[in-house]
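Subject: Structure for you to look at

Hello,

Here is the structure you will be working with. Please open it beside this email and follow along.

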Amino acid sequence: MKKHRTAGAWLWIVVKYVSLIFFSLVAVIPLASCVITAFKSDAEYASTNVMQLPTQWQVSNFVKAFQTANMGRAFINSGIVLVCVLAGAVIIGTQLAYVLNRFKFPGNGLIRSLFLFASLLPGVAMQVSVYNIMQSLGFINHLYGYIIMMMGTDIISIYIFIQFMENISISLDESAIIDGASYFTIYWKIILPLLKPAIVTSMILKGVGTYNEYYAASLYLQKKELKTVAISLYTFTGPMGNKYNMICAGVLISLLPALIIFILCQKQIYSGITAGAVKG
């Protein structure tokens with residue numbers, strides 16, 4: 001026997017689907033506008049609205065954007081930065097989480113509290129001190145200096161590692177110690193492989209932030225040959241006006257590496273995020 005829905009139930013269904021459609025449009029419309037604008041000429045962009053389809057699709061915009069902004073070199077720089085930063089951040093973060101979780105010592109709770117306090121401080125407010133440190137060490141306008149600065153592990157990543165590590169039985173450590181394993185061997189051969197889901201989650205968060213980072217990159221990498229992808233997109237901005245069709249073409253080009261990585265590794269990404277979310 002079918003149950004008849006009440007007016008309140010029907011109202012909730014309507015509200016649910018209307019909100020889903022609304023937020024879907026909010027997410028899709030900017031991307032659709034970017035795609036449409038990327039294929040317009042300068043004159044057509046100036047005379048039409050952002051959602052009007054171009055009369056002639058200018059594929060040459062992508063070639064011009066890639067060459068003018070020197071995006072080939074920018075992709076190489078961003079790739080070097082991304083690989084080094086992710087590798088360093090994961091090693092530093094997991095080792096730090098291992099020490100804080102497995103070893104009880106005076107000040108352990110204080111260190112965790114200081115990390116939480118540091119996460120509340122806005123990054124821009126500390127840039128004066130960071131810039132002075134970078135300048136005194138000679139790290140400005142050097143790719144390795146920018147990599148070392150960006151390698152600073154996110155507080156969120158540290159807590160992800162700590163929370164996930166609390167679900168790894170300490171009996172594994174004790175068994176390895178009985179067999180003669182050192183603390184580093186336990187970390188490298190037991191703890192680190194078991195942290196794979198948390199590492200995937202952390203790498204996604206850190207990778208997206210590093211790849212899209214503009215403020216610090218523009219501040220510490222001022223030479224043209226050191227530009228990252230995020231900085232190269234600002235080639236088409238200036239006091240004489242902004243070429244948004246070129247910018248949109250560059251944005252779509254910059255999305256290709258992330259899209260390819262996502263398509264090739266989506267199984268690992270989904271499993272890593274899911275496993276990392278349910279632990280703790």
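Below are notes on its cores, one salt bridge and one asparagine.

This is a predicted model, in which local features need pLDDT of at least 70 and side-chain atom pairs count only at pLDDT 80 or more, while totals for chains, interfaces and linings use all residues. Residues are numbered from 1 along each chain as its sequence is written, and side-chain values use heavy atoms, with hydrogens and water left out.

The largest nonpolar core (buried Ala, Val, Leu, Ile, Met, Phe, Trp, Tyr and Cys residues joined through side-chain atoms within 4.5 Å; buried means under 20% relative accessible area, with a 1.4 Å probe and protein chains only) has 21 residues. Tyr-98, Met-165, Ile-191, Leu-195 and Ile-199 touch the most other members. Two or more residues come from each of H4 (71-102), H8 (155-165), H10 (183-194) and H11 (196-211), helices being DSSP runs of H or I, at least four residues, numbered from the N terminus. H8 gives the most, seven residues. Another core, apart from this one, has 19 residues, including Cys-34 and Ile-247.

The structure holds one salt bridge (a side-chain nitrogen of Lys or Arg within 4 Å of a carboxyl oxygen of Asp or Glu). Arg-102 and Asp-173 form it, at 2.9 Å, N to O. Arg-102 is in H4 and Asp-173 in H9 (residues 171-178), 71 residues apart. Both are buried.

Asn-77 is in H4 and is buried, with a relative accessible area of 0%. A polar atom of the Asn-77 side chain lies 2.9 Å from the backbone oxygen of Lys-227.

Regards

Technical notes: Buried < 20%, exposed > 50% of the residue type's maximum accessible area, 1.4 Å probe, protein only. Polar contact = N/O pair within 3.5 Å; in protein donor to acceptor, adjacent residues only side chain to side chain.
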